[in-house]
Amino acid sequence: MNQHKGSCLCGKVTFEIQGDFQSFYLCHCRYCRKDTGSAHAANLFSSSATLHWLTGEELVRTFDYQSSGHIKSFCMECGSALPNLQQNGKLLVVPAGCLDTKTDIRPDGHIFIADKADWDHDLEHIQTFGHLPE
């Protein structure tokens, strides 16, 4: 059984996940683009892993947009995305960027691609920098 650790940006919320992820999707739906401020969300999914808050659980808030099932948990101090349980606790959703430990799973695919941002194409062809450009 795998063990993963993670935290928010400010470090006040830390957690541990025991178990394996079954899938990893990059979601381009308009809700995920809005709540990440990016081209897509990157979420890991598990129906068997368990989530344990190590510190800062009282700082975690969960938002369900208009009871739509688009659920996001975040740190009240820094706003970082954090894991949450969905479908009455049957599904653990973990934003990949909040993990501090490595995971071997790679994305299974892009979902809701019809909602993809109009600027999100051919990004592998633009200039890259190892630091903030001058």
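**Core, hairpin and aromatic pairs in a predicted model**

Me: This model is predicted. How many residues does the largest nonpolar core have?
Reply: Val13, Phe15, Ile17, Leu82, Val94 and Leu99 have the most contacts inside the largest nonpolar core. Its total is 18 residues.

Me: Which elements give two or more residues to this core?
Reply: One of them is β3, residues 23–27. Another is β10, residues 91–95. The list is completed by β2.

Me: Leaving aside neighbours within four places in sequence, which leucines is Val13 in contact with?
Reply: The contacts of Val13, with those neighbours left aside, include Gly6, Ser7, Cys8 and Trp53. Thr55, Gly56, Val60 and Cys75 are also among them. The leucines in the list are Leu59 and Leu82.

Me: In what sense do β1 and β2 pair?
Reply: Strand β1 covers residues 3–7. Five bridges join β1 to β2. In β2, Gln18 is the bridge partner of Gln3. The sense of the pairing is antiparallel.

Me: Which residue in the hairpin of β1 and β2 takes a positive phi?
Reply: The hairpin has six residues between the strands. The phi in question is near 80 degrees. The residue is Gly11.

Me: What kind of aromatic pair do Phe15 and Trp53 form?
Reply: Two values describe a pair of aromatic rings: the distance of the centres and the angle of the planes. For Phe15 and Trp53 these are 5.9 Å and 75 degrees. Planes over 60 degrees apart count as edge-to-face. So the pair of Phe15 and Trp53 is edge-to-face.

Me: How many residues apart are Phe15 and Trp53?
Reply: Phe15 sits in strand β2, residues 14–18. Trp53 sits in strand β5, residues 50–55. The pair links distant parts of the chain, and the separation is 38 residues.

Me: Is Phe15 buried or exposed?
Reply: Buried means under 20% relative accessible area. Trp53 has 22%, so Trp53 is partly exposed. Phe15 has 0%, so Phe15 is buried.

Me: What kind of aromatic pair do Tyr31 and Tyr65 form?
Reply: Their ring centres are 5.1 Å apart. The angle between the planes is 55 degrees. That is neither under 30 nor over 60, so the class is tilted.

Me: Which parts does the pair of Tyr31 and Tyr65 tie together?
Reply: The two residues are 34 residues apart in sequence. Tyr65 lies in the loop between β6 and β7, and Tyr31 lies in helix α1. So the parts tied together are helix α1 and the β6–β7 loop.

Me: Which residues form one aromatic cluster with Tyr31?
Reply: Tyr31 is partly exposed at 27%. Tyr65 is partly exposed at 29%. The residues in one cluster with Tyr31 are Phe63 and Tyr65.

Conventions:
Residues are numbered from 1 along each chain as its sequence is written. This is a predicted model: local features need pLDDT of at least 70, side-chain atom pairs count only at pLDDT 80 or more; totals for chains, interfaces and linings use all residues. Side-chain values use heavy atoms; hydrogens and water are left out. Rings of Phe, Tyr and Trp (its six-membered ring) pair if their centres lie within 6.5 Å; planes under 30 degrees apart count as stacked, over 60 as edge-to-face and the rest as tilted. Helices (H or I, at least four residues) and strands (E, at least two) are DSSP runs, numbered from the N terminus. Buried means under 20% relative accessible area, exposed over 50%, partly exposed in between (1.4 Å probe, protein chains only). Two strands pair if DSSP finds at least two bridges between them. A nonpolar core is a set of buried Ala, Val, Leu, Ile, Met, Phe, Trp, Tyr and Cys residues joined through side-chain atoms within 4.5 Å. Contact means heavy atoms within 4.5 Å.
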